[in-house]
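The following note comments on the structure shown below. The points are numbered so that each may be taken up separately.

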Amino acid sequence: VSADALQPVFEVVQTVARERNLDPLLIIAVIGIESRFNPFSQSPMGAQGLMQIIPRFHQEKIPQTAGDLPFLDPVVNVRIGSQILQDAIRRQGGLVEGLQSYAGAIDDEEKAYANKVLAEKQRLEQVARRRDLSPA
């Protein structure tokens, strides 16, 4: 995905992360795992967009200003997906449990989804640290 196409995604992630008190790299990690940054991604289960939201469960979260395909709109998708993620973390009482809930995998004793997202987040943090340490 081109850097130009990702710029609005990163901007909305920063905004939503502040609004929802979430780590922006956590949201980026979820996007990376869920869709590999493909805003038109659709799963066999019907999940759509960057954060792979299943529309039939989240119609009430669509803003009135959204267009015809709100879950495929990267900005709308990140806003709704971040709300779902925040709600899951709060409801489940912790990050790992919230991530598992987000993925619909609460019963997975191995916590595979949460581990995958957290490993991606850690990788992103390492890249950011290397970038910060490199000479200008």
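1. The model is a predicted one, and the first point concerns a helix end. Immediately after α4, Gly104 adopts a positive phi of about 70°.

2. The helix that precedes Gly104, α4, spans residues 95-102. Its buried residues are Gly98, Leu99, Gln100, Ser101 and Tyr102. The buried residues of α4 pack against three other helices, namely α2, α3 and α5.

3. As to the overall fold, the protein contains five helices and zero strands. Read from the N terminus, the order of elements is therefore written simply as α-α-α-α-α, given that helices and strands are numbered as DSSP runs from that end.

4. On overall dimensions, a compact globule of 136 residues would have a radius of gyration near 14 Å, and the protein, at 15 Å, agrees with this expectation. Along the principal axes, the C-alpha atoms occupy a box of roughly 50 × 40 × 30 Å. The accessible surface amounts to about 8,100 Å², and carbon and sulfur atoms account for 51% of that surface.

5. Of the 136 residues, 42% are buried. Among contacts with a separation of 6 or more, 46% join residues that are 24 or more positions apart.

6. Which residues have the most contacts inside the largest nonpolar core? They are Ile27, Val30, Ile31, Val78, Leu85, Leu99 and Val117, in a core of 32 residues. Two or more residues of this core come from each of α1 (3-20), α2, α3, α4 (95-102) and α5 (112-133). The helix that gives the most is α2, with seven residues.

7. Ile27 merits a separate remark. Leaving aside residues up to four places away in sequence, Ile27 touches Val13, Ala17, Leu22, Met51, Val78 and Ser82. One of these neighbours, Val78, is also listed with Ile27 among the residues with the most contacts inside the core.

8. The loop between α2 (24-35) and α3 (74-92) holds Arg36, and Gln52 is placed in that loop as well. Each has a positive phi although it is not glycine: the value is near 55° for Arg36 and near 50° for Gln52. Is each side of this comparison buried or exposed? Arg36 counts as exposed because its relative accessibility is 57%, which is over the 50% cut-off. Gln52 counts as buried because its relative accessibility is 11%, under the 20% cut-off.

9. Ser41 also lies in the loop between α2 and α3. With a relative accessible area of 16%, Ser41 is buried. Not counting residues up to four places away in sequence, Ser41 touches Ser35, Ala47, Gln48, Gly49, Gln52 and Leu72. Gln52, discussed in the previous point for its positive phi, is thus included in the surroundings of Ser41.

10. How many aromatic pairs does the structure hold? It holds one. Phe10 and Phe37 form this pair in an edge-to-face arrangement, with 6.5 Å from centre to centre and 70° between the planes. The pair connects distant parts of the chain, since Phe10 belongs to helix α1 and Phe37 to the loop between α2 and α3, 27 residues apart. Phe10 counts as partly exposed because its relative accessibility is 32%.

Methods:
Residues numbered from 1 in each chain as written. Predicted model: local features only at pLDDT ≥ 70, side-chain atom pairs only at ≥ 80, totals over all residues. Heavy atoms only, no water. Helix = DSSP H or I, 4+ residues; strand = E, 2+ residues; numbered from the N terminus. Buried < 20%, exposed > 50% of the residue type's maximum accessible area, 1.4 Å probe, protein only. Contact = heavy atoms within 4.5 Å. Core = buried A, V, L, I, M, F, W, Y, C linked by side-chain atoms within 4.5 Å. Phe/Tyr/Trp six-rings, centres within 6.5 Å; stacked < 30°, edge-to-face > 60°. Rg over C-alpha atoms; globule rule 2.2 N^0.38 Å. Areas by Shrake-Rupley, 256 points an atom, 1.4 Å probe, with all protein chains shown as cover.
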